[in-house]
Amino acid sequence: MRTHTRESQQTTTPKDALEYLREGNHRFVTNLKANRNLLQQVNETRDGQFPFATILSCIDSRTSAELIFDQGLGDIFSIRIAGSIVNTDILGSMEFACKVAGSKLIVVLGHSKCGAIRGACDQIQLGNLSTLLNKIQPAVYFERKTTANRTSANPEFVANVTAIQVKRSVETIVEQSVVLREMIEKGEIGLIGAVYDVETGLVEFLEETLMLGEIRHFYLDLEAAGADSRKAGGS
Ligand SMILES: [Zn+2]
């Protein structure tokens, strides 16, 4: 497996980038890891890096983007924070990765059995973590299917909140970053949400969240979210 160069990065389209990640995850789950020499890649990337994708994933020890997409050194920008939440510092990192460093695709990757999502479902309060978990509360609020046992003890509820959180993060990126929004509109980069299954190793891309060449609205809109008559409040 070859290290990405300026030329290979420039000729990669957002759709190619998505395909590389699909192929990489397929290699991961079939245990057919690409043959790469990491020490050689250290040498090949000594003068620069040309990653084709940017992945926002959780700090969870099972969700290392390089491993689950079978990527090597210099292949992807990896942003990690509990719950894969988006804030202005994360947006700044994504803007650098795409606008300055030429990456072609942003993936927001949530995962099953996420401790941060479960903590938000249970309204956990703990020091600075409370501030982070509060960013997930709108996703808990917008989960309307579950009427009983709205806690982390209900796996279906947790899975629903996880998917909602990913979709809201995708939409937050284009709402809060003019830089990335413009790049998506011009088709220079793509943006998509995905959920990783910690039991199977499979990444499921949420195809309906793909933005490439156009901005789509699917979650911040209360109607689209299937919301009831309750008002949006502080979301
Ligand atoms: Zn997590």
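Both faces of strand β1 are covered in this predicted model, with A53, I55 and S57 buried on one side and T54 and L56 buried on the other. In a regular strand the side chains alternate between the two faces of the sheet. The strand, which comprises residues 53-57, is accordingly described as mostly covered, 5 of its 5 residues being buried.

The pairing of β1 involves two further strands, β2 and β3. With β2 (residues 76-80), β1 pairs in the parallel sense over 5 bridges, and within this pairing L56 of β1 has I79 of β2 as its bridge partner. With β3 (residues 105-111), β1 likewise runs parallel, the two strands being joined by 4 bridges, and here I55 is matched with V107 as its bridge partner in β3.

A zinc ion is bound by protein donors that include an atom of H111, a residue within the range of β3 (residues 105-111). The donors are C58 (SG), H111 (NE2) and C114 (SG), which lie 2.1 to 2.3 Å from the zinc ion, and the spacing of these residues in sequence is C-x52-H-x2-C. Of the donor residues, H111 and C114 are both buried.

Helix α2 spans residues 14-29, and because a rise of 1.5 Å a residue predicts a span of 22 Å for its 16 residues, the separation of 23 Å between its end C-alpha atoms agrees with expectation. The buried residues of α2 are P14, A17, L18, L21, G24, N25 and R27. An α-helix has 3.6 residues a turn, so residues three or four places apart point the same way. The buried residues of α2 pack against β1, β2 and β3, and also against α4 (65-68), β4 (190-196) and β5 (203-211). Just after the helix, N31 takes a positive phi of about 60°.

The loop between α2 and α3 (38-44) contains R36. With a relative accessible area of 17%, R36 falls under the 20% cut-off and is therefore classed as buried. A polar atom of the R36 side chain lies 3.0 Å from the backbone oxygen of D70. When residues up to four places away in sequence are not counted, R36 touches M1, R27, Q41, D70, Q71, G72 and D75; of these contacts, R27 is also one of the buried residues of α2, and D70 is the residue that supplies the backbone oxygen noted above.

Terms used:
Residues are numbered from 1 along each chain as its sequence is written. This is a predicted model: local features need pLDDT of at least 70, side-chain atom pairs count only at pLDDT 80 or more; totals for chains, interfaces and linings use all residues. Side-chain values use heavy atoms; hydrogens and water are left out. Buried means under 20% relative accessible area, exposed over 50%, partly exposed in between (1.4 Å probe, protein chains only). Two strands pair if DSSP finds at least two bridges between them. The expected span of a helix is 1.5 Å times one less than its number of residues. Contact means heavy atoms within 4.5 Å. Donors are N, O and S atoms within 2.8 Å of the metal (3.2 Å for Na, K and Ca); water is not among the atoms, so sites may look incomplete. A polar contact is a pair of N or O atoms within 3.5 Å; within protein, one must be able to donate a hydrogen and the other to accept it, and residues adjacent in sequence count only if both atoms are side-chain atoms.
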